[in-house]
Amino acid sequence: LSSGSNTIPGTSTINFDVITKERIFKAIDQANMSLMADLKKDYQLLRYQLGRIPMMQDFGDHGYRDPMLYVEKYKSYANFLPLVENSWVREDFGPHEKRLLELFSSEINNAKRITESLALSLLLQQGSLDRKSLNSLLKQDYGLSLQQGDWEALPNQLNFGFLGGENTFRNVQKEVESLRLGPDLAKALRSPTFMDFLNDSLGYAQRTYRKALAQGDWVGGFIRYQKYGRKDVCRLLNWPKDMTNTLFGYRTDSEGRDFYYMGDLEVVEGSVHQSTMPDTTIPVVNFEFSLDAPVDPSMLEYLDYQRT
């Protein structure tokens, strides 16, 4: 959303005036954009246009809504299809394949970080990978270097140890300086249906991340002005477990549970002082901070508008 010709950094490139903005935000408050009826309508329109069952990447190719909405609502795009295609039954797509696709679609291929998706692509092609090959592909396709912490966290991320409990799988196995396919992922890859939908999800992630990177600076694993949830932050910081419940913050708008990454902060020297919460004796520390880069004017305008 934007004012005049200045578009807000992020996924939207549509221009709106202030009155239109107000109407849009009011509509967002009143309706859930990922309701079954809306998703089904978009699907049917695209299916008619293509003359076949569309995949996730087809939605981007033809200017439809972000197909990640299907993943957010149904855990994977494949889970949505039986609801609109009565004949969509795949004998090779059982509970094991279904669960792995759900996890890869929602936790790895959500385009918040590309390292895991690239690693998974290489594993599918080669059966194994080392740090050098992954770093080379990351530089070639995205102009980024593989961080040591990201490499060390890969097995935990791809095995979903980050999520813990029953979600942990043996998708990859770590060797001295490389990773290779583990038995759980190898089993799922014997399903052509699983393979097709996993590759489609990987293609979506890589395309979406490339687009986001073109619109904002890469800063320590985050892309400036992109939105991240608490779980995303835990994962991008390479924490071994999801510690979402320990992260808190304040929101004044109605966009959901995600937060814009504005940049790295630094406490202004001499600004720290202790006081109390209003109308209480509860102690609180106050300080001023500076961002590592000035806020884009269109983003600042957008945030100011959200406060009114």
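Trainee: Which residue in β5 is the bridge partner of S128?

Mentor: That's R180. Keep in mind that we're looking at a predicted model. S128 sits in strand β3, residues 128-130.

Trainee: What makes β3 and β5 a pair?

Mentor: Pairing takes at least two bridges between the strands, and β3 and β5 have three, so they qualify. Their sense is antiparallel.

Trainee: And how do you know that β4 pairs with β5?

Mentor: Hold it against that cut-off of at least two bridges: β4 (residues 172-174) has three with β5, so this counts as pairing too. Here again the sense is antiparallel. R180 in β5 has Q173 standing opposite, and a hairpin through three residues joins β4 to β5.

Trainee: Why is S178 called buried?

Mentor: Buried means under 20% relative accessible area, and S178 comes in at 17%, so the label holds. You'll find S178 in strand β5, which runs over residues 178-181.

Trainee: What is S178 in contact with, leaving aside its neighbours within four places in sequence?

Mentor: L129, D130, W151 and Q173. To make that list, heavy atoms have to lie within 4.5 Å, so each of these passes that cut-off with S178.

Trainee: Let's move to Y43. Why does Y43 count as buried?

Mentor: Same kind of check: the limit is under 20%, Y43 has 1% relative accessibility, and therefore it's buried. Y43 belongs to helix α2, residues 36-50.

Trainee: Which residues is Y43 in contact with, once its neighbours within four places are set aside?

Mentor: There's I53, P54 and F59, then Y70, Y77 and F80, and finally L81, V84 and E85.

Trainee: What separates the C-alpha atoms of Y43 and R65?

Mentor: 9.7 Å, with their positions 22 residues apart along the chain.

Trainee: Why is K75 called partly exposed and not exposed?

Mentor: Exposed requires over 50%, buried requires under 20%, and K75 has a relative accessible area of 49%, so it falls in between. K75 lies in the loop between α4 (68-74) and α5 (77-84).

Trainee: What is the phi of K75?

Mentor: About 75°, a positive value although K75 is not a glycine. N238, another non-glycine residue, has a positive phi near 65°. Look for N238 in the loop between α12 (230-236) and β9 (259-260).

Trainee: Which residues form the nonpolar patch on the surface?

Mentor: L265, V267, V272, V285, F287 and F289, with about 580 Å² of accessible area together.

Trainee: What makes V267 accessible enough for a patch?

Mentor: Patch members need over 30% relative accessible area, and V267 is at 43%, so it clears that bar. Because 43% lies between 20% and 50%, V267 counts as partly exposed. V267 is part of strand β10, residues 265-267.

Trainee: Stepping back, how many helices and strands does the chain have?

Mentor: 13 helices and 13 strands. Of its 308 residues, 41% count as buried.

Trainee: What share of the contacts with a separation of 6 or more comes from residues 24 or more positions apart?

Mentor: 59%. As for the surface, the chain exposes about 17100 Å², and carbon and sulfur atoms supply 52% of that.

Technical notes. Residues are numbered from 1 along each chain as its sequence is written. This is a predicted model: local features need pLDDT of at least 70, side-chain atom pairs count only at pLDDT 80 or more; totals for chains, interfaces and linings use all residues. Side-chain values use heavy atoms; hydrogens and water are left out. Helices (H or I, at least four residues) and strands (E, at least two) are DSSP runs, numbered from the N terminus. Buried means under 20% relative accessible area, exposed over 50%, partly exposed in between (1.4 Å probe, protein chains only). Accessible areas come from the Shrake-Rupley method with a 1.4 Å probe; for residues, only the protein chains shown count as cover. Patches are made of residues with over 30% relative accessible area and no salt bridge: like charges are joined within 9 Å, nonpolar side chains (Val, Leu, Ile, Met, Phe, Trp, Tyr) within 5 Å. A salt bridge is a side-chain nitrogen of Lys or Arg within 4 Å of a carboxyl oxygen of Asp or Glu.
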